[in-house]
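These are my notebook entries on the pockets, the ligand surroundings and the backbone of this model. I kept them in the order in which I looked things up.

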Amino acid sequence: MNSFPIKEFFYSIQGEGHYYGMAAYFIRFEGCNIQCNWCDTKESWNIKKKDFIPIHKIITNISNYKVKNIIITGGEPMMWNLYPLTKILKKKKYRIHLETSGYYPIKEKYMDWITISPKKSKLPLIENYKKINELKIIISNEKDFIFAEEQATHVKITNCVLFLQPEWSNLVKIIPKIIDYIKKNPKWRISLQIHKMLNIP
Ligand code: SF4
(Lines give C-alpha, C1' and ligand atoms only; values in the text may rest on other atoms or scores of the structure.)
Protein backbone atom coordinates (compact mmCIF):
# COMPACT_ATOMS: atom_id res chain seq x y z
CA MET A 1 0.00 0.00 0.00
CA ASN A 2 1.21 3.48 -0.77
CA SER A 3 -1.22 5.17 1.55
CA PHE A 4 -2.95 4.41 4.84
CA PRO A 5 -6.10 5.65 6.55
CA ILE A 6 -4.88 7.81 9.42
CA LYS A 7 -7.28 9.14 12.02
CA GLU A 8 -4.73 11.50 13.50
CA PHE A 9 -1.05 12.05 14.03
CA PHE A 10 0.48 14.15 16.73
CA TYR A 11 3.67 14.70 18.69
CA SER A 12 3.15 14.15 22.40
CA ILE A 13 4.15 12.12 25.43
CA GLN A 14 3.54 8.41 25.80
CA GLY A 15 1.18 8.35 28.75
CA GLU A 16 1.03 4.67 29.64
CA GLY A 17 2.92 1.42 29.91
CA HIS A 18 6.67 0.82 30.04
CA TYR A 19 7.65 3.95 28.10
CA TYR A 20 5.36 6.41 29.87
CA GLY A 21 6.77 9.92 29.90
CA MET A 22 8.70 9.46 26.63
CA ALA A 23 8.30 11.98 23.80
CA ALA A 24 6.83 10.23 20.79
CA TYR A 25 5.10 10.85 17.49
CA PHE A 26 1.79 9.01 17.38
CA ILE A 27 0.22 7.64 14.21
CA ARG A 28 -3.35 6.54 14.88
CA PHE A 29 -4.63 4.23 12.15
CA GLU A 30 -8.27 3.97 11.22
CA GLY A 31 -10.14 0.70 11.28
CA CYS A 32 -11.03 -1.63 14.14
CA ASN A 33 -13.53 -4.47 14.30
CA ILE A 34 -12.76 -5.43 17.91
CA GLN A 35 -15.22 -2.85 19.24
CA CYS A 36 -14.57 -2.86 22.99
CA ASN A 37 -17.44 -1.10 24.75
CA TRP A 38 -15.05 1.10 26.80
CA CYS A 39 -12.94 2.04 23.78
CA ASP A 40 -11.65 5.62 24.10
CA THR A 41 -10.88 5.97 20.37
CA LYS A 42 -14.22 4.93 18.87
CA GLU A 43 -13.84 7.68 16.28
CA SER A 44 -11.04 5.60 14.72
CA TRP A 45 -13.23 2.53 14.00
CA ASN A 46 -14.55 3.60 10.61
CA ILE A 47 -12.25 3.72 7.61
CA LYS A 48 -12.84 6.83 5.52
CA LYS A 49 -11.59 7.20 1.99
CA LYS A 50 -10.77 10.85 2.57
CA ASP A 51 -8.37 9.93 5.40
CA PHE A 52 -5.95 7.87 3.28
CA ILE A 53 -2.58 9.62 3.40
CA PRO A 54 0.34 8.78 1.13
CA ILE A 55 3.44 7.39 2.85
CA HIS A 56 5.66 10.25 1.68
CA LYS A 57 3.32 12.74 3.37
CA ILE A 58 3.33 10.74 6.61
CA ILE A 59 7.14 10.77 6.58
CA THR A 60 7.29 14.50 5.78
CA ASN A 61 4.97 15.29 8.67
CA ILE A 62 7.16 13.32 11.08
CA SER A 63 10.29 15.10 9.90
CA ASN A 64 8.83 18.40 11.14
CA TYR A 65 9.56 17.24 14.67
CA LYS A 66 12.71 16.47 16.59
CA VAL A 67 11.52 12.97 17.40
CA LYS A 68 13.10 9.52 17.48
CA ASN A 69 10.19 7.40 18.68
CA ILE A 70 7.15 6.57 16.60
CA ILE A 71 4.12 4.94 18.19
CA ILE A 72 1.84 3.11 15.78
CA THR A 73 -1.59 2.75 17.31
CA GLY A 74 -5.26 2.69 16.43
CA GLY A 75 -7.84 1.56 15.87
CA GLU A 76 -6.21 -1.74 15.08
CA PRO A 77 -3.06 -1.02 13.03
CA MET A 78 -2.39 -4.69 12.27
CA MET A 79 -5.40 -4.69 9.94
CA TRP A 80 -2.95 -3.18 7.48
CA ASN A 81 0.30 -4.37 5.95
CA LEU A 82 2.57 -1.72 7.40
CA TYR A 83 5.84 -2.89 5.84
CA PRO A 84 5.98 -0.17 3.17
CA LEU A 85 5.78 2.46 5.91
CA THR A 86 7.82 0.82 8.67
CA LYS A 87 10.62 -0.09 6.25
CA ILE A 88 11.15 3.59 5.45
CA LEU A 89 10.83 4.63 9.09
CA LYS A 90 13.46 2.08 10.05
CA LYS A 91 15.78 3.23 7.26
CA LYS A 92 15.50 6.71 8.74
CA LYS A 93 16.53 5.23 12.09
CA TYR A 94 13.30 5.86 13.95
CA ARG A 95 12.46 3.60 16.85
CA ILE A 96 9.07 2.04 16.14
CA HIS A 97 6.60 0.98 18.80
CA LEU A 98 3.41 -0.91 18.02
CA GLU A 99 0.22 -0.98 20.09
CA THR A 100 -2.20 -3.70 19.04
CA SER A 101 -4.94 -5.98 20.33
CA GLY A 102 -2.98 -8.94 18.89
CA TYR A 103 -6.02 -10.22 17.03
CA TYR A 104 -4.28 -10.04 13.64
CA PRO A 105 -0.88 -11.54 12.78
CA ILE A 106 1.90 -9.21 13.91
CA LYS A 107 4.38 -8.42 11.16
CA GLU A 108 7.16 -7.49 13.53
CA LYS A 109 10.12 -7.14 11.18
CA TYR A 110 10.81 -3.45 11.80
CA MET A 111 9.20 -3.05 15.20
CA ASP A 112 11.40 -2.23 18.20
CA TRP A 113 8.74 -2.61 20.88
CA ILE A 114 5.43 -4.44 20.68
CA THR A 115 2.59 -4.05 23.15
CA ILE A 116 -0.46 -6.28 23.11
CA SER A 117 -3.57 -5.23 24.93
CA PRO A 118 -5.83 -8.29 24.61
CA LYS A 119 -9.57 -7.94 24.28
CA LYS A 120 -11.90 -10.68 25.52
CA SER A 121 -14.22 -10.44 22.52
CA LYS A 122 -11.42 -11.18 20.03
CA LEU A 123 -8.44 -12.82 21.68
CA PRO A 124 -4.88 -12.44 20.43
CA LEU A 125 -3.35 -15.10 18.22
CA ILE A 126 -1.21 -17.35 20.39
CA GLU A 127 1.73 -17.01 17.94
CA ASN A 128 1.73 -13.23 18.58
CA TYR A 129 2.56 -13.70 22.25
CA LYS A 130 6.07 -14.89 21.32
CA LYS A 131 6.81 -11.57 19.66
CA ILE A 132 5.78 -9.10 22.31
CA ASN A 133 7.68 -6.97 24.81
CA GLU A 134 4.72 -5.75 26.82
CA LEU A 135 1.38 -7.22 27.85
CA LYS A 136 -1.14 -4.66 29.03
CA ILE A 137 -4.45 -5.77 30.47
CA ILE A 138 -7.27 -3.32 31.06
CA ILE A 139 -8.87 -3.92 34.44
CA SER A 140 -12.48 -2.89 34.83
CA ASN A 141 -13.65 -5.39 37.42
CA GLU A 142 -12.25 -8.25 39.51
CA LYS A 143 -12.92 -10.89 36.83
CA ASP A 144 -10.32 -9.12 34.70
CA PHE A 145 -7.57 -10.29 37.06
CA ILE A 146 -8.40 -13.89 36.06
CA PHE A 147 -8.28 -12.88 32.41
CA ALA A 148 -4.91 -11.17 33.02
CA GLU A 149 -3.40 -14.32 34.52
CA GLU A 150 -4.73 -16.46 31.66
CA GLN A 151 -3.12 -14.16 29.11
CA ALA A 152 0.16 -14.01 31.04
CA THR A 153 0.54 -17.79 30.75
CA HIS A 154 1.24 -17.28 27.03
CA VAL A 155 4.27 -14.99 27.45
CA LYS A 156 7.82 -15.55 28.62
CA ILE A 157 8.03 -13.30 31.66
CA THR A 158 11.78 -12.84 31.14
CA ASN A 159 11.06 -11.20 27.76
CA CYS A 160 7.86 -9.35 28.49
CA VAL A 161 6.77 -6.72 31.01
CA LEU A 162 3.30 -7.15 32.48
CA PHE A 163 0.94 -4.26 33.16
CA LEU A 164 -2.48 -3.86 34.68
CA GLN A 165 -4.18 -0.67 33.60
CA PRO A 166 -7.36 0.66 35.21
CA GLU A 167 -10.22 1.20 32.81
CA TRP A 168 -10.53 4.98 32.73
CA SER A 169 -14.24 5.34 33.48
CA ASN A 170 -13.84 3.07 36.51
CA LEU A 171 -10.51 4.47 37.69
CA VAL A 172 -11.28 5.52 41.27
CA LYS A 173 -13.13 2.33 42.15
CA ILE A 174 -10.68 -0.12 40.63
CA ILE A 175 -7.27 1.40 41.50
CA PRO A 176 -7.21 0.20 45.16
CA LYS A 177 -8.02 -3.33 43.94
CA ILE A 178 -5.23 -3.21 41.37
CA ILE A 179 -2.73 -1.98 43.97
CA ASP A 180 -3.76 -4.71 46.36
CA TYR A 181 -3.50 -7.32 43.57
CA ILE A 182 -0.02 -6.18 42.52
CA LYS A 183 1.22 -6.30 46.10
CA LYS A 184 0.19 -9.94 46.19
CA ASN A 185 1.33 -10.66 42.61
CA PRO A 186 4.41 -8.49 42.05
CA LYS A 187 5.16 -9.74 38.56
CA TRP A 188 2.59 -7.14 37.49
CA ARG A 189 3.07 -3.36 37.38
CA ILE A 190 0.40 -0.70 37.23
CA SER A 191 0.03 1.41 34.09
CA LEU A 192 -1.69 4.76 34.53
CA GLN A 193 -2.83 6.92 31.65
CA ILE A 194 -0.96 10.03 32.75
CA HIS A 195 -1.81 11.85 29.51
CA LYS A 196 -5.46 11.71 30.57
CA MET A 197 -4.72 12.64 34.18
CA LEU A 198 -2.62 15.64 33.17
CA ASN A 199 -4.76 16.49 30.14
CA ILE A 200 -1.80 16.22 27.78
CA PRO A 201 -3.09 16.43 24.21
FE1 SF4 B 1 -10.87 0.52 20.70
FE2 SF4 B 1 -8.49 -0.69 20.72
FE3 SF4 B 1 -10.73 -2.04 21.42
FE4 SF4 B 1 -10.31 -1.33 18.86
S5 SF4 B 1 -9.08 -2.76 20.08
S6 SF4 B 1 -12.22 -1.12 20.02
S7 SF4 B 1 -9.33 0.67 19.12
S8 SF4 B 1 -9.78 -0.30 22.52
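I began with Gln-35, which I found in the loop between β2 and β3 (52–54) of this predicted model. Its phi is positive, at about 55°, although Gln-35 is not a glycine. I then looked up its exposure, and Gln-35 is partly exposed, with a relative accessible area of 47%.

I turned next to Lys-93, another residue other than glycine for which I noted a positive phi, here near 70°. Lys-93 is placed in the loop between α2 and β5, and with a relative accessible area of 64% I recorded Lys-93 as exposed, since the cut-off for that word is over 50%.

For the peptide bonds, I noted that the one from Gly-74 to Gly-75 is cis, with omega near 15°. Gly-75 itself lies in the loop between β4 (69–73) and α2 (83–91).

Which residues surround the ligand? I listed Cys-32, Ile-34, Gln-35, Cys-36, Cys-39, Thr-41, Trp-45, Gly-75 and Lys-119, so that Gln-35 and Gly-75, both entered above for their backbone, appear here again. By class, I noted five nonpolar, three polar and one charged residues in this shell.

I then asked where the ligand sits, and the space that it takes is the largest pocket. I recorded about 870 Å³ of space for this pocket and 41 residues in its lining, of which Glu-16, Arg-28, Asp-40, Thr-41 and Gly-74 lie nearest its centre. Thr-41 is thus entered both here and in the shell around the ligand, while Gly-74 is the residue from which the cis peptide bond runs to Gly-75.

Among the elements that each supply at least two residues of this lining, I noted β1 (3–13), β2 (23–29), β8 (161–166) and α5 (194–197), and β1 gives the most, with four residues. The classes in the lining of the largest pocket come to 14 nonpolar, 16 polar and 11 charged residues.

My last entry concerns the second largest pocket, which holds about 260 Å³ of space. Its lining has 16 residues, and Asn-37, Trp-38, Lys-119, Lys-120 and Asp-144 lie nearest its centre; Lys-119 had already been listed around the ligand. Both β7 and α3 (143–152) supply at least two residues of this lining, with α3 giving the most, at three residues. By class, I counted seven nonpolar, five polar and four charged residues in the lining of the second largest pocket.

Key. Residues numbered from 1 in each chain as written. Predicted model: local features only at pLDDT ≥ 70, side-chain atom pairs only at ≥ 80, totals over all residues. Heavy atoms only, no water. 1 Å grid on protein atoms, 1.4 Å probe; cavity = no way out; pocket = protein on both sides within 12 Å on 5 of 7 lines; lining within 4 Å. Points joined across faces, edges and corners; volume = space filled by probe spheres on them. Nonpolar A, V, L, I, M, F, W, Y, C, P; charged D, E, K, R; others polar. Near = heavy atom within 4 Å. Sits in = over half its atoms within 2 Å of the grid points. Buried < 20%, exposed > 50% of the residue type's maximum accessible area, 1.4 Å probe, protein only.
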